[in-house]
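I opened my notebook for a first look around this structure. Come along and keep the model in view while I jot things down.

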Amino acid sequence: MSGPFEPFTADDHRARMERAAREAAAAGLAGLLIAPGPDMVWLSGYAPPADTERLTLLALVPGRDPVLVVPALEAPDAAKAAGAPALTLRDWTDGEDPYAVAALGLDGDGRFGVSDNTWALHLLGLGRALPGSSYVALSEGLPMLRAVKDAVELERMAAAGAAADAAFAGIRTVRFAGRREEEVAADLAALLRRFGHERVDFTVVGSGPHGADPHHEAGPRVIEEGDMVVLDFGGLMHGYGSDISRTVHVGEPTDEERRVHDVVREAQEAGFRAVRPGAACQDVDRAARAVITEAGYGDRFIHRTGHGIGVTTHEPPYMVEGERQPLVPGMCFSIEPGIYLPGRFGVRIEDIVTVTEDGGRRLNDAPREIVTVG
């Protein structure tokens, strides 16, 4: 299931950094300033401490070699990063102005794309060192940077999806009735790890009325016979994300519960059928939402239909009204319509889908029909 995956090489990271610099130039940016976090890891292979107050910055400027600015005490670790041979390492010591070091070689009057998670402290410091510069969030200035996955990335995404499917198969065999939500959530986390996830990011278990809260945190509520239970879980495997939702029922569901589940399943299928190269992201949302609206539950579908996924669980593009970004082969995103009836129950069905040359391919194959558990 997980398959052998070779680590990404310096050449892989060099190609990513070169492409990012080209795309920055095409977007009218003087360069990209990348803070610690998923962008830095994906581009350079370096994963510094994200909570340090010391400036760490990857600078990508079109036509120039990439530069990684790091505190001197972190330089030995930075030099070991997979992408280190593809960049210039520039360190600074405590007592030195790190922003002056980072500003070397940057256009003082340029407009830069910056990682969304850049600390305000560091952005203000760069502004002082480059008084004529301006900044735009990467998700706004270059939103599709990580959106299109290559063949190797798609293999990792598929492996993560298969592991999530296996976790769902496993959770169907455990006891639900008489146990707390948090106990079932712990089972889900253990199953994800058993099937290869190195990190579990979330295990939503929304039973009965809690299922009407899309992001319910599993808690001490005891699951009862007759409950509908929304399961939404995922994490990282081989550095890439999984995210799946299925709704199960403890014992036999009522006719109404079956009907609501069927509407959501049909909406999810309609969203999937809308996936094709050149279609707008909002077309996926519209297709799924139309089914739920026609069934009379339009006001109970209270979130977007999907989000991009890759080295982070949520990233561009988003399947939502107003998003006109065309779908491109290699994009990966969720399709997850839901109906939420406050005080009663909720239903959500979610798969990760990738765009192909002539349509879409699901990366999850777990049953979408209503499943009963004990």
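**Entry 1: the largest pocket**

I am working with a predicted model, and I keep that in mind throughout. I began with the lining of the largest pocket, where α2 has the largest share, with three residues. I then listed the elements that give this lining two or more residues, and they are α1 (10–26) and α2 (38–44).

How many residues line the largest pocket? I found 20, and those that lie nearest the centre are P38, V41, W42, G239 and V311. I sorted the lining by class and got 10 nonpolar, eight polar and two charged residues. The space in this pocket comes to about 440 Å³.

**Entry 2: the second largest pocket**

Next I turned to the second largest pocket, with a volume of about 350 Å³. Its lining has 20 residues, and P214, H215, D232, H314 and E336 are the ones nearest the centre.

Which element gives the largest share of this lining? I noted β7, with three residues. Two strands, β7 (199–207) and β11 (306–308), supply at least two residues each. The classes here are five nonpolar, nine polar and six charged. I put a mark beside E336, as I meet this residue again in Entry 5.

**Entry 3: a closed space**

I also looked for cavities. The idea is a friendly one to picture: rolling a probe the size of a water molecule over the atoms shows where empty space is left.

How many cavities of 30 Å³ or more does the whole structure hold? The search gave one. The largest cavity has about 30 Å³ of space. I wrote down its lining: M157, A160, G161, G241, S242, D243, I352, L363 and N364. Helix α7 (residues 151–171) gives the most to this lining, with three residues. By class I have four nonpolar, four polar and one charged.

**Entry 4: E350, a charge without a salt bridge**

I went to the loop between β15 (345–348) and β16 (351–355), which is where E350 sits. E350 is buried, yet I found no salt bridge for this residue.

How far away is the nearest side chain of opposite charge? That side chain belongs to R348, at 4.9 Å. A salt bridge needs the nitrogen and the carboxyl oxygen within 4 Å. I did find a partner of another kind: the side chains of E350 and S245 make a polar contact of 2.7 Å.

**Entry 5: salt bridges**

I looked up the total and got 24 salt bridges in the structure. Here are the ones I followed by hand.

E336 and R348 were my natural next stop. Their side chains meet in a salt bridge of 3.9 Å, N to O. E336 is in the loop between β13 (332–335) and β14 (338–341) and R348 is in strand β15, so the pair ties together parts 12 residues apart in sequence. Buried or exposed? Both E336 and R348 are buried. So R348 pairs with E336, and R348 is also the nearest opposite charge to E350, a link that the 4 Å cut-off for a salt bridge helps me read.

D262 and R265 came next, with a salt bridge of 3.2 Å, N to O. The two are three residues apart in helix α9 (residues 255–273), so about one helical turn separates them. D262 is partly exposed at 31% relative accessibility, and R265 is partly exposed too, at 28%.

R180 and E182 also join their side chains in a salt bridge, at 2.8 Å, N to O. I noted R180 as partly exposed at 33% relative accessibility, and E182 as partly exposed with a relative accessible area of 34%.

I closed this entry with a network of salt bridges that links R246, E269, R273, D351, R362 and R368.

**Entry 6: L191 and F168**

My last stop was L191, in helix α8 (residues 181–194). L191 counts as buried because its relative accessible area is 7%, and the cut-off for buried is under 20%.

How far apart are L191 and F168 in space? From C-alpha to C-alpha I noted 8.3 Å, with their places 23 residues apart in sequence.

Terms used
Residues are numbered from 1 along each chain as its sequence is written. This is a predicted model: local features need pLDDT of at least 70, side-chain atom pairs count only at pLDDT 80 or more; totals for chains, interfaces and linings use all residues. Side-chain values use heavy atoms; hydrogens and water are left out. On a 1 Å grid over the protein atoms alone, a cavity is a set of points where a 1.4 Å probe fits but cannot get out, and a pocket is an open set with protein on both sides within 12 Å along at least five of seven lines; lining residues have an atom within 4 Å of a point. Grid points are joined across faces, edges and corners, and a volume is the space filled by probe spheres set on the points. Helices (H or I, at least four residues) and strands (E, at least two) are DSSP runs, numbered from the N terminus. Ala, Val, Leu, Ile, Met, Phe, Trp, Tyr, Cys and Pro count as nonpolar, Asp, Glu, Lys and Arg as charged, and the others, Gly among them, as polar. Buried means under 20% relative accessible area, exposed over 50%, partly exposed in between (1.4 Å probe, protein chains only). Lys and Arg count as positive and Asp and Glu as negative; His and the chain ends are not counted. A polar contact is a pair of N or O atoms within 3.5 Å; within protein, one must be able to donate a hydrogen and the other to accept it, and residues adjacent in sequence count only if both atoms are side-chain atoms.
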